[in-house]
Amino acid sequence: MSNFGKIYSQIERANPSLIAQFKELGVSTIYESMVEETLMDPSITPICKGQIIAGSAVTAINTPGDNLSMHLGLSLTQPGDILVTAFLGTHSYNALWGEMATLAGIGRKISGVIADGAVRDVKAILDNQFPVWAKSISSKTSSVEKIGGINVPAVCGGVLVNPGDIIVADDDGAVVIPLEQAEEVLQKAQKRAEREKEIKGLLLQGKTPYEIFNMGIALEKNEIPIINDKYDSRKV
Ligand SMILES: O=C([O-])CC(=O)C(=O)O
Ligand SMILES: [Mg+2]
């Protein structure tokens with residue numbers, strides 16, 4: 001059964017404490033703890049650097065050249081949500097987000113926006129330090145006539161986003177945590193963050209990851225010698 005043109009007003013949201021705990025961890029730590037590969041492709045980058053957001057995905061699939069789905073999706077968000085907005089099929093350069101949408105996003109207290117497409121009014125986004133991740137910047141306008149789908153499964157940054165999935169985004173990119181895997185991923189990611197906290201002191205004392213993680217084993221295994229001498233082109 002096709003989801004094309006379907007509009008669902010409700011999503012299942014993760015427990016706010018679960019979302020808050022994900023926000024304490026960086027995207028790379030979460031990504032390393034994933035059950036499946038659900039990291040968005042690196043073309044999705046933040047407009048404002050230095051921010052981290054986490055929230056439940058409200059999905060809006062737009063038809064090429066049109067952003068009515070984004071506008072309706074934004075109207076269906078609740079505080080803390082992340083609007084995930086993408087195009088059906090090929091990405092077009094018609095802006096999926098801009099100043100008006102930013103001001104409405106602030107008014108609705110959403111956590112941010114991930115756009116698999118272009119955004120515009122960048123100065124207003126920067127002035128407001130509103131968390132927007134996007135594929136490109138383009139001033140090209142969009143029509144507001146058609147619906148691709150709201151709160152149905154969407155592809156954003158090359159990965160599947162189901163409505164209600166947890167999204168975490170920072171300067172490293174954006175990752176999707178399927179709701180049913182959230183507890184397991186969180187536990188693994190927190191363990192990893194704890195381990196990294198322990199070794200940070202050692203790194204600052206001058207130990208390297210090569211030493212701490214015993215990476216020399218790879219040299220031994222591959223019988224690669226370290227030559228205890230200087231490189232000398234006359235001897236080569
Ligand atoms: O027209 C749009 O949908 C995008 C935009 O420029 C705005 O939100 O200000
Ligand atoms: Mg505008």
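## The annotated residue

UniProt, in an unreviewed entry, lists Asp 121 under "binding site". The structure shown here is a predicted model. In this model, Asp 121 sits in a loop. Strand 4 (112-119) comes before that loop, and helix 5 (122-127) follows.

How exposed is Asp 121? Its surroundings hold 19 other C-beta atoms within 10 Å. A residue needs 20 or more to be buried, so Asp 121 counts as partly exposed. Leaving aside residues up to four places away in sequence, Asp 121 touches Gly 98 and Glu 99.

## Around the ligand

Which residues surround ligand 1? Asp 121 is one of them, and its contacts Gly 98 and Glu 99 are there too. Arg 120 and Ser 142 also belong to the shell. So do Asn 67, Ala 95, Trp 97, Met 100 and Ala 101.

The shell is mixed in character. Four of its residues are nonpolar, three are polar and three are charged.

## The whole protein

The protein has 236 residues. Its secondary structure comes to eight helices and ten strands. The C-alpha atoms fill a box of roughly 70 × 45 × 40 Å along the principal axes. Buried residues make up 39% of the chain.

The domain assignment gives two parts: domain 1 (16-181) and domain 2 (190-235). Their C-alpha centres lie 38 Å apart. Among contacts with a separation of 6 or more, 75% join residues 24 or more positions apart.

## Two unusual backbone angles

Most residues other than glycine have a negative phi. Lys 109 has a positive phi of about 60°. Lys 109 lies in the loop between helix 4 (99-107) and strand 4. With 11 C-beta neighbours inside 10 Å, Lys 109 counts as exposed, because the limit for that class is 12 or fewer.

Glu 223 also has a positive phi, near 50°. Its place is in the segment after helix 8 (216-221). Is Glu 223 buried or exposed? Glu 223 is exposed, because 6 other C-beta atoms lie within 10 Å.

## Confidence

How confident is the predictor? The protein averages a pLDDT of 96. A score of at least 70 is reached by 99% of the residues. For the complex, the predictor gives an ipTM of 0.96 and a pTM of 0.94.

Notes: Residues numbered from 1 in each chain as written. Chains lettered and ligands numbered in written order. Predicted model: local features only at pLDDT ≥ 70, side-chain atom pairs only at ≥ 80, totals over all residues. Domains from an automatic or database assignment. pLDDT = per-residue confidence, 0-100. UniProt positions renumbered as here; feature names shortened; annotations may be inferred. Helix = DSSP H or I, 4+ residues; strand = E, 2+ residues; numbered from the N terminus. Contact = placed C-beta atoms within 7 Å. Near = placed C-beta within 6 Å. Nonpolar A, V, L, I, M, F, W, Y, C, P; charged D, E, K, R; others polar.
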